[in-house]
Structure formats: structure tokens, C-alpha cells
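Colleague: I would be grateful for a close look at a single part of this model, set out for a first-year student. Please take the strands and helices of one chain step by step.

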Amino acid sequence: MSARNADAGRQGLGVWTLVGREIRHRKPAFVIGLLCVAVAIATLAGAVTLLSAHETRTEEILAERERETREEMNRLENDYRRIMRDMGHNVMVLHENQSLAALRSAGHPNTYMPEEYVYELATGGIETLNHLLPVLQERITWPGRDLEIILNGTPGQVPVYHLARFLTEDGTAYRNPIIEAVPEGSLNLGHAVAQELGLQAGDMATLMGETFRIHRVNRPQGNEEDIMVWCGLDKAQEWLGRKGQINAIFALECICDIDALGQITEEVHGILSDVQVLEFSSRVIARGQARQRAEAEARRAIAAEINHRQEMGEARRAFTSILIPVVLLASGLWIFFLILGNVRERESEIGILRAIGVTESKIAAVFLCKAAVLGVIGAAIGYFAGVTVGAAWAGISPLSMEFVRSFNPLLFLASLLVAVALCAVSGWVPALKASHKDPADILREL
Amino acid sequence: MTHITNVLKLTGVTKTYHPRGRPAVAALRDVSLTLEPGGFKVVCGASGSGKSTLLLTAGGLLAPNAGSVHVRGDDIYRFSSEARARFRAHRIGFVFQQFHLIPYLNILENVLAPTLAAACEEAEARARRLIDAFGLAHRIDHPPSELSTGERQRVALARAMLNEPALVLADEPTGNLDEDGSEIVLQHLREFARRGGAVLLATHDRSVEADERLTLESGVLLSQ
Ligand SMILES: Nc1ncnc2c1ncn2[C@@H]1O[C@H](COP(=O)(O)OP(=O)(O)OP(=O)(O)O)[C@@H](O)[C@H]1O
Ligand SMILES: [Mg+2]
């Protein structure tokens, strides 16, 4: 016997067989029903896919912008550090009696402080200054060469011991000094001095009757530094007759606190009362401000981007929050009328089934089962169509992994549930109407 | 239960239709009749005399306004409509002038349709035997639309007999058939009665032979 006979079953005919045969018999009507469910579910799945793709995309874009900004900030910061180092110190601690006019005209301070001041600062718990460089500067003539230089004696950087970030791991040595001490028995020369004297690093030179090795020649700076000669602090003190004295303490300020001069002054005064604090190197300040402006600009750009994408997401959400109920309602009504039409068409069938003893609940079950079939198949079609269209709309290529990831099993399950619920709710009234038909009325009419 | 010997017993059945907005129509007036196992009764009557109303009432599909209907001793209108449906599935077979086959089921499935209501053992084997007996074996997986009217009526007959009912109610089963076709159907009904079933057949055709012929005239049953 053919398969068609065999699946009628040994026990007889089942509801599902009846439903399947009827669907096959009235294919066009069923296809229209499927289309209707599919459109509803496609709208739903498409909207959800579009919205979640939008959210994912937003997160990606923002992460990207965030990363770009961070990179840019790092670049600026490194620039800044380099410039700071190249240009020298940006805070100068001088004796309070130091005249600024004299400082400018001489090119170096001419009022002196005890050398101990720098150690008081270094051990006084100061927070705002990182690197302290005590110097004794004075303008002299290189003996025998008729060359004006600024002699610059320094012991090298004095560590601020309590700032752990400037110490090596074991806490004993000073890490990475920005200005090294001039080694014993040698000199560092400003670019102009070296040029004038025809000296290079490694050469020997005589100053104040002593012979020194040239340790380093600095790059040209275009300011007083070009005519400076660096030596050990004790040598300068000896030659200049200023035992135990210095006339300036330079400090590299912490670069993140560019606007903190007031704070620095206050802190320094807490330790040393008879000094003044001067800020200089305006290019550094300008650079720092530029960096802050750039950062603010980048933050504003990110905020604008977030805002724009939020507005876009909001608009899409608002649109779908209207679209989805409208589509669900419309397709619900459509399914209602389709099933109602189907009930009309099948009145004689219902009558005869009732006459041969099929109960009302079974008649209702036949119609509800058909609605369920409509829901499940319609949901499957609608889900795949919706996700595809939604993903395409969100700009996801159908060949990408992201497209594959757009297929969310939870959303599929939800689509099935919504579709079956939609069909069950829309099919309920017609199914009850069908089951309540008076078979006598139907049979007499025929 | 004194009347348990009757398959069908109508006592003083009155059915009046009350169409909305139109005068009431008395379709059956105080109709009483009995049918024993093996009985074959024919109800004749002009169009509109109440034949269909009588069969629907007897089959538990149309509640009378007065009187009672007993099938195998059960007062069927005392049952709930669901219980009455199940009762019909087991005890009563219907055959109609228009056959009322289900268009999308093949012959075998149409004959098996009563199993939707009451699944039973060996239903398919019995269906095949019936189809064979009605000479339709070669048409078993055809849809009704591919059958002649006579063949369709035989399918309807096979369907009515699948659950081996006690009572077959046939409303103009030969109305759409030629003489030969009618004769085949009537033979099968008589055969069913001979095997102990009871048949109540309504027709306007006075030539149909029966154990007992009853006449309906404007809802009143006259014995001849
Ligand atoms: N639903 C109804 N509402 C009102 N009147 C009805 C209804 N059904 C039947 N009738 C009336 O009841 C009477 C009996 O109808 P019924 O269908 O039983 O006649 P019938 O003998 O089967 O006729 P036919 O031979 O033409 O089939 C008729 O006068 C008919 O008009
Ligand atoms: Mg009639």
C-alpha cells in the first residue's frame, strides 16, 4: 500500500493527519497565512536584530574612539615629557630678596641661599615637585679665552626620597635622573661654548688652572644654556668663593599639575620661609594647555558621538516600539479573518464531523493545531527573513561571522512563542465558533 | 428498563422551529416510533414534511421541544452535548443525500474519519474490509472528487458503519443516485439490518421497499 495509506495509522485518523491534509488541500490560503505570520515575526526579529546590532556597533565605535583618544593623549604626554626635559626646569626656587630685574639682566640669580635648603625641601615631605636641582650660577670669563660663560655648579639631582615613584625597587637609588651629576674631574659644555673653544666630548680643557675632561656637549638650545658650563657644585663654590651656598633650585614639576603654581608656592613656603617660587618656560605651559585642550576636544567628540548614536538608537527604538504592536495587531486581525474564512469554508466538514461524534473540543483542537502549524512555520520563515534584513540594514555583511552571530537562539525561541501565541489568540474565536456550530443547521443547509 | 429491546424509541416527539422574526414552524408533532435490532423502516413524505428533522432528532443532533428519544435504552438528550457526541460516535451512523465526504481525505481516510471521535483497535483493517465489501478497493487512495456519485455514497455508507453502530440513520441516501446505484446502497443497508443493525431511512421515493413504511405529513407520522 502507498505511504499515504500507511500514515492513516492503525488506530485510525489523528488530528494532525487531518490538519496536514487540509493544509495541503488549501495551499494558497495557507501560504497567505504563513506570509502574514512571517511578516509579523520578521518585523519583530528584524527590529531586535537591528537594535542589538546598533548597540554592538555603538560599543565598538566608542571603544575605538576611546582607544584613539588614549593613544593621542599618550603621544601628547610623551611629547610633553620630552619637551619638558629638553627645555629644562619649569619651577625655580630663589632667595626671596632676589631681584627679578637683576635675574633677567644678569641671566642668573645673584642672591644666595644655603645649600641645605635643597635638602630641607627634599626631606620636607613636598608633593608637588619631583626633581630638585640645586645650582650655583655666575657669569664669568673663561680665563685666557676672553669668553663669557655662565658657570653652573651642581651636585646633580637631589632625590625627593619619600616619593617612592622616583626610587628603584629596593628604595635606595634614584631612578632615571633627568639631569645627571657632572662626573668628578669633568665638565659639560653648552653648545656655543664648545663651538667657540673647538672642543668635543672626550677632549681635555683647562679651566681655572685645572684640567678637565669634556663629558658632554649639549645640543643648541637658543638661550643662555648655550653659554653654560656645568661642573660639580663644590668646584663652583670654591672658584666663586661661595662655600656652602647656592643661588637657585630648579625643579621639574609633576607634569599633570600644570596649573599648580599656587599650590607649589604654598608647599615650598611651608618648608622654607625666605624663598620665592617662579614659574618659567612658557612654551611648556602652552604645550600643557594645548594638551588639555586636545583632550577636552577628544572628550567632546566622544560625547557627541555617544549622543548621536544614542539619539539614533532612541529613534529606532521609538519607531520599532510603534511598528511592532501595529504589525502584530494587523497580522493578528489578518490571521483572525483567514481562520474565520477557513471555518466558513469547512462548515459542511464541521457538520459531518459533529454528526459522526467528534466532540466540540476536538473540533476546536483541529483549528488550533492548524494555527500552531501556521505559527511555527511562519515564525521560522519570518525569523530568518527578519534577522537577514535587520542585519543587512545594520550594515552587517551576509558573509561575515557577525552575520552568523546575529542568529540568536533565544530570539528564535521568542519568535516561535510570539507566533504561536499570535495564531492561537487570533484563531481562538474562529475555532470556538467552529466548534459551537449547530451541526443540525449545517446539515440541513446542505 | 423495559424497552431495552428497542434500538430506537421516540416517544411523543415534538419539534417546532422558531426562526427569528418569522412565525414558528411545527416540523414534528407528537411523533412516536420504535425500531428493533434488525429493523429496517422507511419514512416517506413530501418535501418539507419533516423527514430530516425527524432523523436529526433521532440522531441526537437536534433536541426536541417535547417527548424523548431513547437509543439502546439511553435517553440521549439527558446527556451533555459532549457525551452525546461520544455516544453518537459509538452507536449511530449517518448517511446523507449529499454524502458529506471530506474533500481532502482519500477514501480510506474518509472511512476512518469516525476514529477521530473514537479511536478503536484494528480500525484500518476494518476500514479496508468495508471498502473491499463495497467494491471500492481499487479506489482506496483516491480523493472523493475522483469518484462517481454512487461510489461516493458507498464510501459514506462504509464510514457510517465503521464503528459498527447499532443504528444507521439515512437521509435520502439514494436521492442523487440512478436506479442501479440506489439498489446497491439499499442492498447494503438491508444487509446491515440483517446482521442485527437497525436502519431508519427517510426518502420521498415511494418505491423503496421496507419492513415497515411510515408516512410523514406536515410533521405527523402516519402508519400504513
Ligand atoms: N431551521 C429552520 N427554521 C425554520 N424552519 C425550518 C428549519 N428547518 C426546517 N424548517 C422547516 O421545517 C419543515 C420540515 O423541514 P425538513 O427539512 O425536516 O423537511 P424534509 O421533509 O426533510 O424536506 P426535504 O424532503 O425537502 O428534505 C419545513 O417546513 C421547513 O421549512
Ligand atoms: Mg430533508
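Modeller: A residue is called buried when its relative accessible area is under 20%, and exposed when that area is over 50%. The model is predicted, and B:Glu172 offers a case for this definition: with a relative accessible area of 9%, B:Glu172 is buried. B:Glu172 sits in the loop between S7 and H6 of chain B. Its backbone deserves attention as well, for B:Glu172 has a positive phi of about 50° although it is not a glycine. Most residues other than glycine have a negative phi.

The loop that holds B:Glu172 follows strand S7, and strand S7 belongs to an open sheet of 6 strands in chain B. The order of the strands in this sheet is S6-S7-S8-S3-S9-S10, and their pairing is mixed. Which strands stand at the edges? They are strand S6 (92-96) and strand S10 (220-223) of chain B; each has a single partner strand, so one side of each is left without a neighbour in the sheet. On average, neighbouring strands of this sheet are turned by 20° against each other, direction ignored.

At the S10 edge, the partner is strand S9, residues 212-217 of chain B. The pairing of S9(B) with S10(B) is antiparallel and extends over 4 bridges. Within this pair, B:Leu214 stands opposite B:Ser223 in S10(B).

Strand S7 also contains B:Val168. Is B:Val168 buried or exposed? Its relative accessibility is 0%, so B:Val168 counts as buried. Leaving aside neighbours within four places in sequence, the residues in contact with B:Val168 are B:Gly93, B:Val95, B:Leu189, B:Phe192, B:Ala198, B:Val199 and B:Leu200. The ranges of the elements help to place some of these partners. Strand S6 spans 92-96, helix H6 spans residues 179-194, and strand S8 spans 198-203. The C-alpha atoms of B:Val168 and B:Gly197 are 7.5 Å apart in space, while the two residues are 29 residues apart in sequence.

Two helices lie across strands of the sheet. Helix H6 of chain B lies across strand S3 (40-45), S7 and S8, and runs at about 150° to S8(B). Helix H2, residues 81-91 of chain B, lies across S6 and strand S7 (167-171), at about 80° to S6(B). In H2(B), the residues B:Arg84, B:Ala85, B:Phe87, B:Arg88 and B:Ala89 are buried. What covers the buried residues of H2(B)? The cover includes S4, S5 and S6 of chain B, together with H10 of chain A.

Two of these covering strands, S4 and S5, lead to a second sheet in chain B. This is an open sheet of 4 strands in the order S2-S1-S4-S5, with antiparallel pairing. Strand S2 (25-35) and strand S5 (74-75) stand at its edges with a single partner strand each, so one side of each has no neighbour in the sheet. Strand S4, residues 66-71, and S5(B) run antiparallel and are joined by 2 bridges. The bridge partner of B:His70 in S5(B) is B:Asp75.

The loop between S4 and S5 of chain B contains B:Arg72. B:Arg72, which is not a glycine, has a positive phi near 50°. Where B:Glu172 is buried, B:Arg72 is partly exposed, with a relative accessible area of 42%.

The covering element from chain A can be followed a little further. Helix H10 (residues 347-355) and helix H11 (residues 360-393) of chain A have axes that come within 10 Å and cross at roughly 145°. Their crossing is right-handed. A:Ile350, A:Leu353 and A:Arg354 in H10(A) meet A:Glu360, A:Ile363 and A:Phe367 in H11(A). By class, this contact has 4 nonpolar, no polar and 2 charged residues.

Finally, the setting of these parts may be given. Chain B has 6 helices and 10 strands, and 58% of its 224 residues count as buried. Among contacts in chain B with a separation of 6 or more, 69% come from residues 24 or more positions apart. Chain A has 14 helices and 11 strands, and buried residues make up 47% of its 446 residues.

Conventions: Residues numbered from 1 in each chain as written. Chains lettered and ligands numbered in written order. Predicted model: local features only at pLDDT ≥ 70, side-chain atom pairs only at ≥ 80, totals over all residues. Heavy atoms only, no water. Pairing = 2+ DSSP bridges. Axes fitted to C-alpha atoms, helices over the stretch in contact; angles between N-to-C directions. Contact = heavy atoms within 4.5 Å. Buried < 20%, exposed > 50% of the residue type's maximum accessible area, 1.4 Å probe, protein only. Left-handed = near helix turned anticlockwise from the far one by under 90°. Nonpolar A, V, L, I, M, F, W, Y, C, P; charged D, E, K, R; others polar.
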